[in-house]
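Take a walk through this model, one part at a time. Keep the sequence and the 3D view side by side.

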Amino acid sequence: AAMQSPRLAGRRLRIEGHTDSVGGRSGNLTLSQARARAVADSLIAAGVDPARIEAIGYGFDRPLPGRSSRAGSNRRVEAVLLD
């Protein structure tokens, strides 16, 4: 609903997928991209213009501040408002 409000009209959103460092780099990059894409696809299905959304998977390269890269809390998806 927020992305369809007049306040955010025309603004873009980057969906970032993250993982913990359990497993290999390649698998975690694939998993994080799939997480981001799933959220992006849900927003698109809800009516958000696909041109306003980008999905990026970072794997385990961006752990939460103060957390080990192996911490389960790093398995997350974040939305970043752009523009």
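Arg 37 is partly exposed, with a relative accessible area of 33%. The model shown here is predicted. Arg 37 sits in helix α1. Leaving out residues up to four places away in sequence, Arg 37 touches Ile 44 and Ala 55. Its C-alpha atom is 8.2 Å from that of Gly 17, although 20 residues separate the two along the chain.

Now step back to the whole chain. The chain has one helix and three strands. From the N terminus on, the order is β-α-β-β. The C-alpha atoms fill a box of roughly 40 × 25 × 20 Å along the principal axes. The chain has 83 residues, and 31% of them count as buried. Among contacts with a separation of 6 or more, 71% join residues 24 or more positions apart. The accessible surface comes to about 4,800 Å². Carbon and sulfur atoms account for 55% of that surface.

Return to the helix. α1 has 21 residues. From first C-alpha to last, α1 reaches 30 Å, close to the 30 Å expected at 1.5 Å a residue. Which residues of α1 are buried? They are Asn 28, Ser 32, Ala 36 and Ala 40. Seen down the helix axis, these buried residues fall within an arc of 105°, so they line one face of α1. A general rule helps here. An α-helix has 3.6 residues a turn, so residues three or four places apart point the same way. The buried residues of α1 pack against β1 and β2. The face turned away from the buried side carries the exposed residues Ser 26, Thr 30 and Ala 45. After α1 comes Gly 47, whose phi is positive, near 110°.

Look at one buried position on the helix. Ser 32 lies in α1. Its relative accessible area is 0%, so Ser 32 counts as buried. What does Ser 32 touch, not counting residues up to four places away in sequence? The list is Gly 17, His 18, Thr 19, Gly 57, Tyr 58 and Gly 59.

Next comes the nonpolar core. In soluble globular proteins, nonpolar side chains tend to be buried together. The largest nonpolar core in this model has nine residues. They are Met 3, Leu 8, Leu 13, Ile 15, Ala 36, Ala 40, Val 48, Ile 53 and Ala 55. β1, α1 and β2 each supply at least two residues of this core. Follow one member, Ala 55. Leaving aside neighbours within four places in sequence, Ala 55 is in contact with Ile 15, Gln 33, Ala 36, Arg 37 and Ala 40. Arg 37, the starting point of this walk, is one of these contacts.

Turn to the charged pairs. Side chains of opposite charge can pair when their charged atoms come close. How many salt bridges does the structure hold? There are seven. One of them joins Asp 83 and Arg 12, at 3.3 Å from N to O. Asp 83 lies in the segment after β3 and Arg 12 in the segment before β1, so the pair ties together parts that are 71 residues apart in sequence. Asp 83 is exposed, with a relative accessible area of 63%. Arg 12 is partly exposed, at 29%. The links go further: Arg 12, Glu 54 and Asp 83 form a network of salt bridges.

A second salt bridge pairs Asp 20 with Arg 75, at 2.6 Å from N to O. This pair also links distant parts of the chain, 55 residues apart. Asp 20 is in the loop between β1 and α1, and Arg 75 is in the loop between β2 and β3. Is Asp 20 buried or exposed? Asp 20 counts as buried, at 5% relative accessibility. Arg 75 counts as partly exposed, at 49%.

Another pair is Glu 16 and Arg 14, whose closest N and O atoms are 2.8 Å apart. Glu 16 is buried, with a relative accessible area of 5%.

Finish in the loop between β2 and β3, where Leu 64 lies. Leaving aside neighbours within four places in sequence, Leu 64 is in contact with Ser 73, Asn 74, Arg 76 and Glu 78. The C-alpha atoms of Leu 64 and Arg 25 are separated by 17 Å, with these positions 39 residues apart along the chain.

Key: Residues are numbered from 1 along each chain as its sequence is written. This is a predicted model: local features need pLDDT of at least 70, side-chain atom pairs count only at pLDDT 80 or more; totals for chains, interfaces and linings use all residues. Side-chain values use heavy atoms; hydrogens and water are left out. A salt bridge is a side-chain nitrogen of Lys or Arg within 4 Å of a carboxyl oxygen of Asp or Glu. Helices (H or I, at least four residues) and strands (E, at least two) are DSSP runs, numbered from the N terminus. Buried means under 20% relative accessible area, exposed over 50%, partly exposed in between (1.4 Å probe, protein chains only). A nonpolar core is a set of buried Ala, Val, Leu, Ile, Met, Phe, Trp, Tyr and Cys residues joined through side-chain atoms within 4.5 Å. Contact means heavy atoms within 4.5 Å. The expected span of a helix is 1.5 Å times one less than its number of residues. The arc is that of the directions from the helix axis to the C-beta atoms. Accessible areas come from the Shrake-Rupley method with a 1.4 Å probe; for residues, only the protein chains shown count as cover.
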